[in-house]
Amino acid sequence: AAPPVSAGRGERRGRRPWPGLPPGRGILFNTGAGQHILKNPLVVNSIIEKAALRRTDVILEVGPGTGNLTVKMLEKVKKVIACEIDPRLVGELQKRVQGMSLANKLEIRVGDVLKTDLPFFDACVANLPYQISSPFVFKLLLHRPFFRCAILMFQREFALRLVAKPGTKLYCRLSINTQLLARVDHLMKVGKNNFRPPPKVESSVVRIEPKNPPPPVNFQEWDGLVRIAFVRKNKTLSAAFKSSAVEQLLDHNYRIHCSLHNTKIPENFKIAEKIQAVLENTGYSEKRARSMDIDDFISLLHGFNAEGIHFS
């Protein structure tokens with residue numbers, strides 16, 4: 001699979017074409033946009049095996065590139081919907097399946113997957129463009145109806161952040177937000193030499209399975225709280241909430257809340273004092289985001305919301 005890019009035409013002259021292209025043809029991959037073709041058939045087969053594809057599945061693939069992963073999936077599923085932004089690679093993929101009995105099982109959508117509505121699908125299998133990793137993960141996890149699972153190739157460090165646990169070095173807002181909405185498992189490491197051209201970083205394959213039903217949390221509220229806490233994840237929450245920008249935001253939201261509920265605000269009201277009271281009453285005043293888990297943040301969010309303080 002390959003990451004997408006909008007680029008001009010380019011041909012490789014006098015050099016061997018990349019694997020996965022028709023004989024005699026080559027294409028200039030835009031590595032600046034993350035176009036790296038997964039060339040090792042053993043890795044392709046391993047990804048497909050871990051996806052546990054079913055004959056009735058509709059599969060979403062993002063960045064199919066020259067179709068190394070696509071063609072293998074077409075043999076096993078009902079339909080593959082491939083999203084690709086680079087018209088050159090769309091042309092190569094169409095040529096590759098032309099005349100194949102499986103061609104009618106492939107639907108190609110040309111465009112930016114982040115700017116379009118996702119179709120219905122059972123599973124997502126992709127060698128993602130690394131620069132869209134984070135926005136695409138959350139687009140997936142907030143997508144409805146629910147899908148079964150996603151098997152995705154990421155840059156190694158991004159993958160390790162997805163699965164990081166509280167108290168570890170890589171634990172961050174990405175970790176806790178993803179783990180709130182899904183079960184995440186690191187499946188395997190993939191070395192840079194499995195791609196052509198090889199990227200500068202190592203890669204990993206991750207399995208993401210959305211929690212269904214989802215946790216009973218307003219995600220915008222949740223993310224607003226977590227964003228504040230993880231700006232400086234090693235600071236105490238008491239210190240993190242002393243930022244003037246944070247106080248202004250929460251004061252604004254609190255006044256809207258009181259207006260909607262016909263609650264009178266005292267003349268000497270200070271949002272900073274109310275915030276500190278919530279932190280102390282919930283027991284999180286001296287805690288640090290780096291060591292707090294999902295249950296801690298749910299408890300803290302409920303503490304704030306009960307006092308009329310909202311984050312979105």
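Q: Which residue of β6 does asparagine 127 stand opposite, and what makes β5 and β6 count as paired strands?
A: In this predicted model, asparagine 127 has methionine 153 of β6 opposite it. β5 and β6 run parallel and are joined by 5 bridges, and because pairing asks for at least two bridges, these two strands qualify as a pair.

Q: Why is the crossover from β5 through α4 to β6 called right-handed?
A: The name applies because, with the strands pointing away from the viewer, a right-handed path from the first strand over the helix to the second runs clockwise, and the β-α-β crossover from β5 through α4 to β6 is assigned that hand. Another right-handed β-α-β unit is made by β2, helix α2 (residues 68-74) and β3.

Q: What makes the pairing in the sheet mixed, and in what order do its strands lie?
A: The open sheet consists of 7 strands in the order β4-β3-β2-β5-β6-β9-β7, and its pairing is mixed. Parallel pairing is seen where β3 (residues 79-84) and β4 share 5 bridges, where β2 and β3 share 5 bridges, and where β2 and β5 share 2 bridges, whereas β6 and β9 run antiparallel and are joined by 6 bridges. Because the cut-off is at least two bridges, the 2 bridges between β2 and β5 are enough for these strands to count as a pair.

Q: Which residues are bridge partners across these strand pairs?
A: Starting from β2, glutamate 61 has alanine 82 of β3 as its bridge partner, and alanine 82 in turn is partnered by isoleucine 108 in β4. On the other pairing of β2, isoleucine 59 is matched with alanine 123 in β5, while phenylalanine 154 has serine 204 of β9 as its partner.

Q: Why do β4 and β7 count as the edges of the sheet?
A: In the strand order β4 and β7 come at the two ends. β4 (106-110) and β7 (182-190) each have a single partner strand, so one side of each is left without a neighbour in the sheet. The twist from one strand to the next averages 20°.

Q: How do you know that β2 is largely enclosed by the rest of the structure?
A: A residue is buried when its relative accessible area is under 20%, and 5 of the 5 residues of β2 are buried, so the strand is largely enclosed by the rest of the structure. Both of its faces are covered, with buried Val58, Leu60 and Val62 on one side and buried Ile59 and Glu61 on the other. β6 is mostly covered as well, with 6 of its 7 residues buried.

Q: Which helices lie across or pack on the sheet, and at what angles?
A: Helix α1 (residues 41-51) lies across β5 (123-127), β6 (149-155), β7 and β9 (203-210), running at about 160° to β7. Helix α4 (residues 133-141) packs on the sheet and touches β2 (58-62), β5, β6, β7 and β9, its direction making about 170° with that of β6.

Q: Why is isoleucine 132 called buried, and where is it found?
A: Isoleucine 132 is found in the loop between β5 and α4. Its relative accessibility is 14%, and because the cut-off for buried is under 20%, isoleucine 132 counts as buried. Leaving aside neighbours within four places in sequence, isoleucine 132 is in contact with Val62, Val113 and Leu114.

Q: What makes a group of residues a nonpolar core, and which residues have the most contacts inside the largest one?
A: A core of this kind joins buried nonpolar residues through side-chain atoms within 4.5 Å. The largest has 65 residues, and those with the most contacts inside it are Phe136, Phe154, Ile208, Trp222, Phe241, Phe297 and Phe304. Helix α7 (residues 219-230) gives the most to this core, with 7 residues. Apart from it lies another core, of 29 residues, including Ile48, Val71, Tyr130 and Ile151.

Q: How do you know where the prediction should be read with care?
A: The chain averages a pLDDT of 91, and 90% of the residues score at least 70. Over residues 1-25, however, the pLDDT is below 50, although this stretch has 79 contacts in the model beyond near neighbours in sequence. Where pLDDT is low, the predicted coordinates should not be read in detail.

Key
Residues numbered from 1 in each chain as written. Predicted model: local features only at pLDDT ≥ 70, side-chain atom pairs only at ≥ 80, totals over all residues. Heavy atoms only, no water. pLDDT = per-residue confidence, 0-100. Contact = heavy atoms within 4.5 Å. Helix = DSSP H or I, 4+ residues; strand = E, 2+ residues; numbered from the N terminus. Axes fitted to C-alpha atoms, helices over the stretch in contact; angles between N-to-C directions. Buried < 20%, exposed > 50% of the residue type's maximum accessible area, 1.4 Å probe, protein only.
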